[in-house]
Amino acid sequence: SIHININAITHAEAQSHMSLRGRHIIDRIKRSVSHRLKLPSPPYGKPGYWDGVYEKLGPNDTYEWGDFTISQDLLSHQYDSALYQGDVTKYGFRSSPSLVESELAEDNHPLVTTTFGEAIGIPPNLDDNNDNTTTTQPKKIMLLGCGNSRMGEELLLNGYHNPSHYKIYQVDVSNQVITTMKQRHEYFISTSSTTPYLTSDESIMEFINDDATSLQSFESNSIDSIIDKGLVDALFCADEYEMIHDVLSSVHRVLKTNDNGETDAGVFNVFSYSRPEFLMGRTFDASSSLDGTTSGGVMVNKKNKEMWQELQIRALDHILMYRFVKASSSSLKSDKEEINLKGKKWKHLPQRGKKRRVSVSKRK
């Protein structure tokens with residue numbers, strides 16, 4: 001059996017916890033003063049910063065960006081499928097949630113109860129004696145910007161531990177943390193391991209020092225599911241919007257495409273404390289694109305529809321989950337419907353020479 005202490009955390013981790021309410025306040029302040037000044041933040045986009053952080057931490061220390069775990073918050077989770085639907089369509093995405101169980105909340109919004117396996121697009125194998133896999137190749141899961149999080153160990157504990165079914169890649173730009181993570185997980189990556197799930201030529205987990213903006217270590221269409229617990233969120237805090245664009249492009253490249261119908265479309269899960277009115281507005285609008293269309297007074301980037309088949313935004317207890325599904329070439333050919341403009345035109349307002357985006361809806 002596997003014995004992992006997922007409760008071992010450092011004081012630094014305990015102090016790093018953000019909240020949805022706290023981030024909302026910060027995002028509103030940043031937006032209100034952005035034309036006058038930039039609020040200070042750590043240089044999260046610099047690899048050297050993270051090397052400095054992890055130099056002070058040992059193999060058994062953790063620095064968790066998000067205050068949630070797979071076991072306690074994601075194995076079975078519930079979300080309001082209508083809560084952020086307006087934001088999904090506002091930025092040019094489609095949403096077609098896979099309902100496992102649904103019921104109506106007090107406001108008559110549909111509540112969806114689903115699983116972690118559904119969220120990442122790869123179900124766990126909870127019965128090691130029942131090898132019912134339908135593929136000869138293990139499903140490949142990437143933890144992007146893994147840091148020294150315990151999420152990899154949690155995957156092992158919750159049914160993703162058989163190398164015949166799964167391959168877990170932990171990727172980070174900090175060579176320092178990759179070195180310490182290899183030390184912590186030697187039991188699972190050693191070729192001489194005697195664990196009940198590993199043979200002499202099998203490894204369930206691999207650690208790779210790579211830049212998320214390029215992912216040069218990975219071939220195109222090679223990964224089934226990518227989980228980002230805090231990379232995009234950290235870059236957003238540091239106003240590194242161009243880096244976020246590059247991360248999305250590299251993630252899209254390496255995720256599998258189901259053009260031939262033989263594989264499922266790749267899934268990318270981003271966890272963030274920022275609401276879509278802030279995160280999406282900065283990273284998915286058409287401000288840097290010349291082929292935008294107008295919807296409700298908001299420029300919509302056509303490239304969003306070209307890259308991603310659908311988007312779901314799930315409000316969990318402690319954080320938001322942005323679930324992207326990679327679009328296939330065939331779905332692009334069949335999905336030629338343009339957004340209904342409803343007679344609304346792009347408004348040019350005299351505000352520092354730029355086009356002003358008018359929100360479709362506002363949340364308090």
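These legends accompany several close-up views of one predicted model. Residues are numbered from 1 along each chain as its sequence is written, and side-chain values use heavy atoms, with hydrogens and water left out. As the model is predicted, local features need pLDDT of at least 70 and side-chain atom pairs count only at pLDDT 80 or more, while totals for chains, interfaces and linings use all residues.

**View 1. A salt bridge links R23 of helix α2 to D233 of helix α10**. The closest N and O atoms of R23 and D233 are 2.8 Å apart; a salt bridge here is a side-chain nitrogen of Lys or Arg within 4 Å of a carboxyl oxygen of Asp or Glu. Because R23 lies in α2 and D233 in α10 (residues 231-237), the pair ties together parts that are 210 residues apart in sequence. Helices (H or I, at least four residues) and strands (E, at least two) are DSSP runs, numbered from the N terminus. R23 and D233 are both buried, where buried means under 20% relative accessible area, exposed over 50% and partly exposed in between (1.4 Å probe, protein chains only).

**View 2. E118 and R314 form another salt bridge**. Here the closest N and O atoms are 3.0 Å apart. E118 sits in helix α6 (residues 116-120) and R314 in strand β11 (residues 308-315), so this pair ties together parts that are 196 residues apart in sequence. Both partners, E118 and R314, are buried.

**View 3. E206 pairs with K167 in a salt bridge between two strands**. The closest N and O atoms of this pair are 3.7 Å apart. With E206 in strand β6 (residues 205-209) and K167 in strand β5 (residues 166-172), the pair ties together parts that are 39 residues apart in sequence. E206 counts as partly exposed because its relative accessibility is 33%, whereas K167, at 15%, counts as buried. If you would like to look further, K139, D224 and K256 are joined into one network by salt bridges that share partners. The salt bridge count comes to 11.

**View 4. The second largest pocket has about 470 Å³ of space**. On a 1 Å grid over the protein atoms alone, a pocket is an open set of points where a 1.4 Å probe fits, with protein on both sides within 12 Å along at least five of seven lines; lining residues have an atom within 4 Å of a point. Of the 30 lining residues, W50, G145, C146, D172 and L231 are the closest to the centre of this pocket. Elements α3, β4 (139-144), β5, α10 and α11 each give two or more residues to the lining. C146 is buried because its relative accessible area is 8%.

**View 5. Helix α11 covers residues 241-254**. Its 14 residues should span 20 Å at 1.5 Å a residue (1.5 Å times one less than the number of residues), and the end C-alpha atoms are 20 Å apart, which agrees. Buried residues in α11 include Y241, I244, V247 and L248; S250, V251, H252 and V254 are buried too.

**View 6. P43 lies in the loop between α2 (20-33) and α3 (47-55)**. P43 counts as partly exposed because its relative accessibility is 41%. Although P43 and D239 are 196 residues apart in sequence, their C-alpha atoms are 9.4 Å apart in space.

How values were computed. Grid points are joined across faces, edges and corners, and a volume is the space filled by probe spheres set on the points.
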